[in-house]
Amino acid sequence: MIVQNGIIHDGIHPVPYQADLALRDGVIAAIGQGLAPLDGEEVLDAAGKQVYPGFVDAHSHLGLDGYGMGRDGADYNEMGDIVSAQLRGIDSFNPQDRSVAQALAGGVTTVGTGPGSANVLGGTFFAVKTWGSCADDMALRDPVAMKCAFGENPRRCYREKGDSARMTTAAKLRDMLFQARDYMERKAAAGDDALKRPRYDMKLEALLPVLKGEIPLKAHAHRADDICTAIRIAREFGVKLTLEHCTEGHLIVDELVRAGYPVAVGPTLTGASKLELANKTFDTPGILARAGLQVSIITDHSVIPQHFLPLCAGLAVKAGMDPFAALQAITINPAKHLGVEDRVGSLEVGKDADVVIADGDPMVSSSRVETVILDGKRVVG
């Protein structure tokens, strides 16, 4: 397929430009002017249209907390075990949920989705495309992170089951990381001797990729002190970290800059439904981006419906965020956040042919996504 004459917003260069895209074998084969179609190749005229990379959300529960599910149908929190590192988000993902199709129609082509924040350790997130019928075929990378949570949620959900203070939450996370490190060292010392290996432990096994630096801890943290606790523990164990929600990040900018971790800000298009959201503002992503941090804007679907991701970026612009920084916060930055920037998040030769064509700026509510191309196939419009 050739997409001709569109105004390209590639997610890399601040200034858009007019060009053609050649989409072949599921990837972007060429970007330039006057690209000639192959014999019989489909040509899509995008003259006067705005062309973007497929939008990416670094933190969602899409497919696990679905359309019209309510509390009884949601499938993203294990309520019987506060440390559930062994759980895999892909095993609760429902591609047939209506929200997945809505996300695609809104131009959101990749999300990081997985367990919620009821647990100190909730299990693994994975990166998934929003088109397909089976999670295994839709998965872009699994796992991308190990979910952990600080603040009100674990304390509220497990108050009667042994977690009634923030220091308890931190202690439970540390305990699991200590155990996993000991487990890893014993396995290494045993080598090929099966009799000397520690007994298999699914929870500890699930934490080994974190300790080995293969995936980060994905830390649910709204309040400034919880953010600092997440950073403290990541430093203690020498593990990678991404900061999720970061509601009070604007209050500790210097600390975040020194730490240098990626930040995913949101969900902001909601009321302050609990104490730790009292300082929530759309100013936060712009403040953190201007400080030089890698900022992603997130919906935390279903807190905000997944297809409103571009609108959330637009509201950040209204609050003072640079428009290009806001575009990067729903394209290349979340792709980096999830470790899939080699495949998605920008329009570059060799990357997946995930393309959104709109009649205007999708971050403005009056604009409409007209066409979505995923892996080189037109799936919307």
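How do the residues of the lining of the largest pocket divide into nonpolar, polar and charged? The split is eight nonpolar, 15 polar and eight charged. The model behind this report is predicted.

**The pocket**

The largest pocket has a volume of about 860 Å³. Its lining counts 31 residues. Those nearest the centre are Tyr-76, Asn-77, Ser-117, Asn-153 and Arg-156. Two helices, H1 (70–73) and H4 (152–157), each contribute at least two lining residues. H4 provides the largest share, with three residues.

**Asn-153**

Asn-153 sits in helix H4 and is among the residues nearest the pocket centre. Is Asn-153 buried or exposed? Its relative accessibility is 7%, so Asn-153 counts as buried. The cut-off for buried is under 20%. Setting aside residues up to four places away in sequence, Asn-153 touches Ser-117, Ala-118, His-220, Lys-274 and Glu-276. One of these partners, Ser-117, also belongs to the group nearest the pocket centre.

**Leu-315**

Helix H10 spans residues 309–318 and holds Leu-315. Leu-315 has a relative accessible area of 23% and is therefore partly exposed. Beyond its neighbours within four places in sequence, Leu-315 is in contact with Leu-269 and Phe-282. Leu-315 and Ala-326 are 11 residues apart in sequence. In space, their C-alpha atoms are 9.4 Å apart.

The two residues described above compare as follows.

| Residue | Helix | Relative accessibility | Class |
|---|---|---|---|
| Asn-153 | H4 | 7% | buried |
| Leu-315 | H10 | 23% | partly exposed |

**Strands E14, E15 and E16**

Strand E15 covers residues 369–374 and is mostly covered, with five of its six residues buried. Which strands pair with E15? One is E14 (residues 355–358), which runs antiparallel to E15 and is joined to it by four bridges. Within this pairing, Ile-357 has Thr-371 of E15 as its bridge partner. The other is E16 (residues 377–380), also antiparallel to E15 and joined to it by three bridges. Here Leu-374 stands opposite Lys-377 of E16.

E15 and E16 form a hairpin. Two residues lie between the strands. Asp-375 is in the turn and has a positive phi of about 55°.

In a regular strand, side chains alternate between the two faces of the sheet. In E15, five of the six residues are buried.

Note on methods: Residues are numbered from 1 along each chain as its sequence is written. This is a predicted model: local features need pLDDT of at least 70, side-chain atom pairs count only at pLDDT 80 or more; totals for chains, interfaces and linings use all residues. Side-chain values use heavy atoms; hydrogens and water are left out. On a 1 Å grid over the protein atoms alone, a cavity is a set of points where a 1.4 Å probe fits but cannot get out, and a pocket is an open set with protein on both sides within 12 Å along at least five of seven lines; lining residues have an atom within 4 Å of a point. Grid points are joined across faces, edges and corners, and a volume is the space filled by probe spheres set on the points. Ala, Val, Leu, Ile, Met, Phe, Trp, Tyr, Cys and Pro count as nonpolar, Asp, Glu, Lys and Arg as charged, and the others, Gly among them, as polar. Buried means under 20% relative accessible area, exposed over 50%, partly exposed in between (1.4 Å probe, protein chains only). Contact means heavy atoms within 4.5 Å. Two strands pair if DSSP finds at least two bridges between them.
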